[in-house]
Amino acid sequence: MSFMDDVFERTVDVSGRVAKVVLVPWGGAEACVDAYEAAIRAATDVQLNAARVIAVEPARSVLASCADLTRDIGATHLSSVRWILDV
Amino acid sequence: MTSRSGIVNGLDGRTRLYWESTGNGDPVLLIHGLGLSGGAWWRTVDALAPKMRVITFDHRGVGQSESLTYSYTTEAMADDAVSILDDLQIERVHVYGFSLGGMVAQQVALRHPKRVQALVLGGTHSGGRRAAVPDAEVMAFFRRRATMPAEQAAWASVPYNYGPRSQTEQVDRIAEDIERRLQNPFNERAYRGQLLAAWLHNCYGRLDRIRAPTLVVHGACDRIIPVANAHMTAERVPGAKLKILEDAGHLYPTEEPAVDEAIGTFFAEHG
């Protein structure tokens, strides 16, 4: 492992440990990440259901695309946060 | 043998997912890997279809499927897979994902647990900080491959995709694989999108939430996704079985034909 990789690993490790301590009052890191995931899924589902009900273009396409964006941006956040927190 | 195909249209008006269904019996959904199309499952379809209904599909942007953007996540690809099940009115299904498809299969099992009867994770990893990564030579090849002409890329992949024994003893089967692969046009942008999805994939911390009976299959000589990942996955998924194929590389379905029968038996046990 190169020096920079080592520094990066240690920085991420320390950040993760600090974040875990900070999140304790809210039920811990895992519970917070789960709650964020649940919120993303709920927001995605609301938009998708609206797209199904509003069968008028371009509203339907726009709503469905927004739902996809919400899911995928959320997935990217979750992946990164889980990586840092190692949960 | 009953065989049919169709297209599922996404609500965004642009995403179209092509699927094929072969055979009758308990349904099994096969989810293919990076840069391939559903047609890459031809050996497994032939092996499983006499006893099962085998469903394959092309991931978004690949083969006959299309998508609005080339920004993918394994979550999106899992939802695509489930939208095909919805269209086929299949409530519960066996799921077999290979490589990138295995990552998507993990997401299907976590995001849609009621839809999964049994799960096979082949030649895959769960992401996260603890994932064992391929060596630098393999990573450099992945980046180079996207710019190569399709046939050159397919042959250049051989040392990475197959175990050392197969490279000398199973040249005909490897050539068959490549011939089949070249029948589908390679979409460079979709390939990069899939690479991004694989890079972002992170299910390690949640593997213990998978409730479906699970079999983890991996080639011991896999250079693309090191075999240590299979051990980690099998340890994390409750009750998972682990099958390591000693001489096989990443594309073990070509190298170990008997594995499809073992997977069929696993599904039958959990039918």
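## Report on a predicted two-chain model

B:Val104 touches B:Ile31, B:Thr74, B:Met77, B:Ala78, B:Ala81 and B:Gly97, leaving aside residues up to four places away in sequence; two residues are in contact if their C-beta atoms, placed from the backbone, lie within 7 Å. This is a predicted model, in which local features need pLDDT of at least 70, side-chain atom pairs count only at pLDDT 80 or more, and totals for chains, interfaces and linings use all residues. Residues are numbered from 1 along each chain as its sequence is written, while chains are lettered from A and ligands numbered from 1 in the order in which they are written.

B:Val104 also belongs to the largest nonpolar core, which has 66 residues. B:Val28, B:Leu29, B:Ala81, B:Val95, B:Val104 and B:Leu119 touch the most other members of that core. A nonpolar core is a set of buried Ala, Val, Leu, Ile, Met, Phe, Trp, Tyr and Cys residues joined through C-beta atoms within 7 Å. A residue is buried if 20 or more other C-beta atoms lie within 10 Å of its own, exposed if 12 or fewer, and partly exposed in between, with C-beta atoms placed from the backbone.

Chain B contains twelve helices and eight strands; helices (H or I, at least four residues) and strands (E, at least two) are DSSP runs numbered from the N terminus. The radius of gyration of chain B is 17 Å, close to the 18 Å that the globule rule gives for 271 residues, so chain B is as compact as a globular protein of that length. Chain A has three helices and zero strands. Its radius of gyration is 18 Å, well over the 12 Å that the globule rule gives for 87 residues, so chain A is more spread out than a compact globule. The radius is taken over C-alpha atoms, and the rule is 2.2 Å times the number of residues to the power 0.38.

The table sets out further values for each chain.

| Chain | C-alpha extent along principal axes | Buried residues | Share of contacts with a separation of 6 or more that join residues 24 or more positions apart |
|---|---|---|---|
| A | roughly 55 × 35 × 15 Å | 22% of 87 residues | 56% |
| B | about 45 × 40 × 40 Å | 52% of 271 residues | 75% |

In chain A, α2(A) has 25 residues and reaches 36 Å from its first C-alpha to its last, close to the 36 Å expected. The expected span of a helix is 1.5 Å times one less than its number of residues. For the 27 residues of α3(A) this span is 39 Å, and the end C-alpha atoms are 38 Å apart, which agrees. A:Asp86 follows α3(A) and has a positive phi, near 60°.

Buried residues of α2(A) are A:Ala29, A:Glu37, A:Thr44, A:Gln47 and A:Ala51. Their cover includes α1 (3–22) and α3 of chain A. A:Ala19, in helix α1 of chain A, touches A:Ala29, A:Ile84 and A:Leu85, not counting residues up to four places away in sequence. A:Ala19 counts as partly exposed because it has 14 C-beta neighbours inside 10 Å.

Between the chains, 18 residues of chain A are in contact with 14 residues of chain B. On the side of chain A that touches chain B, α2 (29–53) and α3 (59–85) each supply at least two residues, and α3(A) gives the most, with twelve.

The mean pLDDT of chain A is 91, and 99% of its residues reach 70 or more; pLDDT is the predictor's confidence in each residue, from 0 to 100.
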